[in-house]
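Q: I would like to go through the ligand and metal sites of this model and ask, for each label, what justifies using it.

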Amino acid sequence: MCHMTEATTVDDLPAMDDPIWVEAATIEEFRTKGHACVRSLCRPDEVDAYRPVIHEATLEHAWDQRPLEERDTYGKAFLQATNLWRRAPRIAGFSLAKRFGKVAADLLGVEGVRIYHDQALFKEAGGGATPWHQDQHYWPLDTESTITMWMPLVDVPPEVGSMTFASGSHRLGYLGNYPISDESEAAFRTMIDERGLALETYGAMAAGDTTWHAGWMLHSAAPNPTGNLRAVMTVIYFADGTRVSPEPTEGQQLDLSIWLKGCEPGELAAGHRLPLVWP
Ligand code: SIN
Ligand code: NI
């Protein structure tokens, strides 16, 4: 059973619905490289307000509750909790924020965006690397206009850093059936070498800074050698008007049954689970 929430903020949490201006150079960078960085998208007081709420919901809803050493490579990369804006309605003020939605629309160059889902990715103290992968591997969306916002809720030091991107890889589309694993790591490393793709990272980040990457972008992240949690929140958006892929792949079946429940292949990807967040 699912309770719908208002897109507006509840009680003490700040609304972040004021649109911001995205620099033309940032938009250009996203179009050519498939990734971009927008610093200080949230103010410190805004991050401080949402951090404990997101933290609590992530611990409660994390998929894999086993100790770090019992998990596989994917599980060691982070505690992962999805769909938090619906599971913990106070988080809707963050995940459905119009400020973020406008950045997504501006970078994609589209009129409107819907949220696909949100996802907390908490790399624990001693957590492993995030293997190379393509996010859209999992998404049965018939479009290239998909984008993920990645925002640390704590300062991320240089030795942990933000993601590494293989610039230009967003234009390569689907590169094979590689879920996040040791196999995806090996296969994509080889492809990156063979194609001579340039690797880039925005490095250390402050809480409230963001990176943005396209759905087909090849990306990875370093392990967390520190004693502190790398608390990151992500939100995935797609262009309004997108259809469900007419022939979803094997890797997209799970998402089809969760996020796109009620939408058939070829139909518009829309409905109350996928609300319009901009305009
Ligand atoms: C990470 O946070 O380590 C990876 C994020 C992503 O794959 O989008
Ligand atoms: Ni990813």
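Q: What makes the pair formed by Trp150 and ligand 1 a polar contact?
A: In this predicted model, a polar side-chain atom of Trp150 lies 2.8 Å from an oxygen atom of ligand 1. A polar contact requires a pair of N or O atoms within 3.5 Å, and the Trp150 pair, at 2.8 Å, therefore qualifies. By the same cut-off, Thr130 at 2.6 Å and Arg230 at 2.7 Å also make polar contacts with oxygen atoms of ligand 1.

Q: How much of ligand 1 does the protein bury?
A: Taken alone, ligand 1 exposes 260 Å², and 96% of that area is buried by the protein.

Q: Where does ligand 1 sit, and which elements give two or more residues to its shell?
A: Ligand 1 sits in the largest pocket, a wording that requires more than half of its atoms to lie within 2 Å of the grid points of that pocket. Two or more shell residues come from each of strand 3 (113-123), strand 4 (130-134) and strand 9 (218-221).

Q: How do the residues of the shell around ligand 1 divide by class?
A: The shell holds five nonpolar, four polar and three charged residues; among its members are Phe78, Leu121, Lys123, Met163 and His213.

Q: Why are His133, Asp135 and His219 called donors of the nickel ion (ligand 2)?
A: The atoms concerned are NE2 of His133, OD of Asp135 and NE2 of His219, and they lie 2.0 to 2.1 Å from the nickel ion. Because a donor is an N, O or S atom within 2.8 Å of such a metal, these atoms meet the criterion. Since water is not among the atoms, the site may look incomplete.

Q: What spacing do these donors follow along the chain?
A: The donors follow H-x1-D-x83-H, and the site links distant parts of the chain, with His133 in strand 4 and His219 in strand 9 lying 86 residues apart.

Q: What makes the peptide bond between Trp278 and Pro279 cis?
A: Its omega is about 0°, and the bond is therefore cis, with Pro279 placed in the segment after strand 11 (276-278). Most peptide bonds are trans.

Q: Why does the phi of Ser40 deserve a remark?
A: Most residues other than glycine have a negative phi. Ser40, in the loop between strand 1 (35-38) and helix 2 (44-61), instead has a positive phi near 50°.

Methods: Residues are numbered from 1 along each chain as its sequence is written. Chains are lettered from A and ligands numbered from 1 in the order in which they are written. This is a predicted model: local features need pLDDT of at least 70, side-chain atom pairs count only at pLDDT 80 or more; totals for chains, interfaces and linings use all residues. Side-chain values use heavy atoms; hydrogens and water are left out. A residue is near a molecule or strand if one of its heavy atoms lies within 4 Å of it. A polar contact is a pair of N or O atoms within 3.5 Å; within protein, one must be able to donate a hydrogen and the other to accept it, and residues adjacent in sequence count only if both atoms are side-chain atoms. Accessible areas come from the Shrake-Rupley method with a 1.4 Å probe; for residues, only the protein chains shown count as cover. On a 1 Å grid over the protein atoms alone, a cavity is a set of points where a 1.4 Å probe fits but cannot get out, and a pocket is an open set with protein on both sides within 12 Å along at least five of seven lines; lining residues have an atom within 4 Å of a point. Helices (H or I, at least four residues) and strands (E, at least two) are DSSP runs, numbered from the N terminus. Ala, Val, Leu, Ile, Met, Phe, Trp, Tyr, Cys and Pro count as nonpolar, Asp, Glu, Lys and Arg as charged, and the others, Gly among them, as polar. Donors are N, O and S atoms within 2.8 Å of the metal (3.2 Å for Na, K and Ca); water is not among the atoms, so sites may look incomplete.
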